[in-house]
Amino acid sequence: MKMTRSDVSTETKSNTEKTDMPNIKELENGPYVAYWNTLNLFAYGTYKEYLENKNILVELTPVQKKKLQHLTIVTLATKSKCIPYSVLLDELDIKNVRNLEDLIIEAVYADIINGKLDQKNCQLEVDYAGLGRDVKPGDTGAITETLAEWGKTCNDILECIEQQVVRANAEKQRAIHHKEKIQQDIANTKKNLVSPSGASGIQEADTVAGNSGTGNSDSCREALPVLPDAKRKQQKGKGIRGGGKFWKT
């Protein structure tokens with residue numbers, strides 16, 4: 001008996017919604033338990049598990065097998081971002097690298113995963129999985145622990161950042177106080193250089209310089225030589241006055 005498209009969709013979508021439906025749950029304990037097992041395989045399992053449990057599963061069509069292989073790549077990508085070709089060949093039951101790379105390229109173009117082929121190192125480098133797998137009911141505890149650990153790590157990082165902020169603010173305040181102290185020292189130095197006693201000394205020096213300058217100018221005027229014409233007129237005047245006195249007597 002083969003499963004039809006209505007039983008297991010060839011599109012890579014969640015199958016948990018189907019297994020939660022009451023009429024589907026009835027398959028678990030009836031004559032169609034193989035269908036129930038196959039639905040759970042597409043929800044949580046891998047292609048290797050299909051090969052190991054064919055006796056309790058429905059035989060898959062080539063299209064359904066390829067879908068399960070794509071889902072298997074997604075599962076492997078959640079465990080490692082660099083998946084060796086050897087692991088993929090074993091998990092997907094593919095005999096040669098060429099067929100493996102063709103399958104990976106199909107998964108990339110279908111936006112099931114995003115990554116690139118590293119042919120030199122024979123591995124698949126996964127950036128992220130564009131499709132998420134369903135979570136097994138028994139795996140919720142592990143997921144809770146992982147999230148709790150992640151939350152603790154976030155709190156530790158946040159506390160470290162807060163300490164760095166406090167330290168940075170303290171350094172900033174010290175730098176501001178140091179700058180203010182330097183500016184105050186500069187202002188005090190300027191006041192000491194231009195003091196009242198220094199200013200009066202400068203004024204006294206200016207006064208002395210002014211007085212000495214006036215005396216020098218008078219001396220210069222007194223020391224000016226008499227021009228020759230003026231000297232002759234002075235001598236002529238003396239002779240006339242002397243002659244007048246002579247005739248009067």
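This short presentation describes the fold of one protein, one of its hairpins and one of its buried residues.

Good morning, colleagues. Please bear in mind throughout that the structure before you is a predicted model.

I shall begin with the overall architecture. The protein contains ten helices and three strands. Following the chain from its start, we read the order α-α-α-α-α-β-α-α-β-β-α-α-α. Of its 249 residues, 22% are buried. The protein exposes about 18100 Å², and carbon and sulfur atoms supply 57% of that area. As for contacts with a separation of 6 or more, 53% of them join residues that lie 24 or more positions apart.

Let me turn to the strands. Strand β2, residues 113–118, pairs with strand β3, residues 123–129, in the antiparallel sense, and six bridges link the two. Together β2 and β3 make a hairpin, with four residues between them. Which residue of β3 stands opposite D118? That residue is Q123. Within the turn, C122 has a positive phi of about 55°.

My last point concerns a single residue, T46. T46 is placed in the loop that runs between α3, residues 33–44, and α4, residues 47–52. Is this loop residue buried or exposed? T46 counts as buried because its relative accessibility is 11%, and the cut-off for burial is under 20%. Which residues does T46 touch, once those up to four places away in sequence are set aside? They are L41, L68, T72, T75 and E91.

Thank you for your attention.

Key. Residues are numbered from 1 along each chain as its sequence is written. This is a predicted model: local features need pLDDT of at least 70, side-chain atom pairs count only at pLDDT 80 or more; totals for chains, interfaces and linings use all residues. Side-chain values use heavy atoms; hydrogens and water are left out. Two strands pair if DSSP finds at least two bridges between them. Buried means under 20% relative accessible area, exposed over 50%, partly exposed in between (1.4 Å probe, protein chains only). Contact means heavy atoms within 4.5 Å. Accessible areas come from the Shrake-Rupley method with a 1.4 Å probe; for residues, only the protein chains shown count as cover.
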